[in-house]
Amino acid sequence: MIHKHIDFYISHLKSDIPAGIVVFLVALPLCLGVALASGAPLFSGLIAGMVGGLIVSWASGSQLSVSGPAAGLTAIVFNAIESLGSYSGFLVAVVLAGFLQLLFGFLKAGVISAYFPTSVIKGMLAAIGLILIIKQIPHALGYDASFEGDESYMQETAQTAFGGVLGALKFISPSAAVVSAVALLILMLWETALVKRITFLRIIPGALVAVLWGIIYNIVILEIRPEWAISEKHLVSLPTTDNPQDFIQLFSFPDFSFLLNAQTYTIAATLAIIASLETLLSLEAVDKLDPMKRVAPTNRELKAQGIGNMLSGMIGGIPITAVIVRSSANINAGGHTKVSAFTHGTLLLLSVMFFARYLNHIPLACLAAILLQTGYKLAKPKLFFEFFKKGANQLIPFMATIIAILVTDLLKGIVVGLLIGLYYVIRANHHAAISLTQSGNNYLLRLNKDVTFLNRALLRKFLDQINENSFLVIDGSKTQFIDHDILETIEDFIQGASDINITVETVDLQGKEKIQFTRN
């Protein structure tokens, strides 16, 4: 359900604005990191974040999804800029990709999200949670060998990511470790019932307190013990502007002469397909996390992303998708409506225009603590125990998705999870389609649902269990469709049954070779 009345948004402002501040703090370094990893101008990541927050949030039908530059596209963007040899030429591909996404929305391509199993989606969330924890530990300890790898491994491997954690343990920065440890304690304290009972503290987001702690610590320590201060490379780094003209000059525009380059269209199609898949996956995951259990319209989301990418490309931004890390941070911070995503976009804009020099005092260790908490909430041990109790048909796709994402990347891991999930669905349907019961020399073979050639092996197995000198009833009354291959197997058995003194009676098998369509 999509809430459109103004009272709905006003009633949640007290939770949405603080949540928007938290999302802004999380999004800020990620926008810069994704742009850096993509080989694009740093400001292009902030443009994408602004468009995602200011425009896509209202065009989308989701109340909690946050859009912005996605780590999953970095390799594609990097190679595209390199192959075209021009960032302004690449922007043309971004605009075209947005147009294709808009077209996907009108063609109702969003329906594919209905085929993502819950076990795979929750496996994706848990994997992202683990990635966040693994990637943020070095930042929390003041070791930044891979700043851009905050949301995925990108071109790295699981081995190098774990190597980063081990490397961080050898090069711990005491000041960063102290800041992140205290920030984590603050975040944990803000989750307790004690703080939630105090009205004044309840309205202040814990993440904001954690960030203020980091800034104050660094300012004070610079005065009394400079050697313990956090160095500049471990602080947020925003481009600073002195006046509106400087700000406008940070934007860049597409070179439409690249419309004559065939490679532009190939890149645009690749971006549109991958960005749409990532968006639908994130949207499905957000719906699972939403405490109010709202279901966002997928086709509208594709249209919103299309509009966002067309606009982002027109003013110099890298591609946008719905992003699960920022969306999860939004939900964890208590966001209820799209006002929180809009607030984060507004703060990104204002920060670059007016407050960049002040925000550049924020230690990355504080932001690492926020993401560590988000990662833990996505990959709680309780979640693994829940899937263990559900049995192999849920546990194996869940674990396979996690492992595949950790070893490869998001989309490849999802494909592995879907294939394994599909195997268990087919296996379950295969065994449930036909049942055989026996009472003495009497047998009942029941076709419980529509049966196809996939069930032929199971049918033959059951028919082979019928003993000589017995009576068999084959009941097809519960089916609407029986594959010709199944009917042929039954007919072949009936013809040979008399030789071993088996009497066969059929119930409602004929006339079901064609799929029946019913009209409402």
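Start by selecting α6 (118–140) and helix α19 (residues 392–407) in this predicted model. How do α6 and α19 lie relative to each other? Their axes cross at roughly 40°, and angles from 35 up to 65 degrees fall outside the parallel and perpendicular classes, so the two helices are oblique to each other. Look along the crossing and you will find that it is right-handed, with the axes coming within 8 Å.

Now show the side chains at this contact. From α6, pick Ser-119, Val-120, Lys-122, Gly-123, Met-124, Ala-126, Ala-127, Leu-130 and Ile-131. From α19, add Gln-394, Pro-397, Phe-398, Thr-401, Ile-402, Ile-405 and Leu-406. Colour them by class: eleven are nonpolar, four polar and one charged.

Keep α6 selected, since your next stop also involves this helix: α6 supplies at least two residues of the lining of the largest pocket. That pocket holds about 1200 Å³ of space. To centre your view on the pocket, select Glu-191, Ile-331, Asn-332, Ala-333 and Lys-377, the closest to its centre of the 37 residues that line it.

Which helix gives the largest share of the lining? Select α17 (364–378); five of the lining residues come from α17. Then bring in the other helices that each supply at least two, among them α2 (13–38), α11 (206–224), α13 (262–289) and α15 (324–332).

Finish by colouring the whole lining by class: you should see 18 nonpolar, eight polar and eleven charged residues.

Notes:
Residues are numbered from 1 along each chain as its sequence is written. This is a predicted model: local features need pLDDT of at least 70, side-chain atom pairs count only at pLDDT 80 or more; totals for chains, interfaces and linings use all residues. Side-chain values use heavy atoms; hydrogens and water are left out. On a 1 Å grid over the protein atoms alone, a cavity is a set of points where a 1.4 Å probe fits but cannot get out, and a pocket is an open set with protein on both sides within 12 Å along at least five of seven lines; lining residues have an atom within 4 Å of a point. Grid points are joined across faces, edges and corners, and a volume is the space filled by probe spheres set on the points. Helices (H or I, at least four residues) and strands (E, at least two) are DSSP runs, numbered from the N terminus. Ala, Val, Leu, Ile, Met, Phe, Trp, Tyr, Cys and Pro count as nonpolar, Asp, Glu, Lys and Arg as charged, and the others, Gly among them, as polar. Axes are lines fitted to C-alpha atoms, for helices over the stretch in contact, and angles run from 0 to 180 degrees between N-to-C directions. Angles under 35 degrees count as roughly parallel, over 145 as roughly antiparallel, 65 to 115 as roughly perpendicular and the rest as oblique. A crossing is left-handed if the near helix is turned anticlockwise from the far one by less than a right angle, and right-handed if clockwise. Contact means heavy atoms within 4.5 Å.
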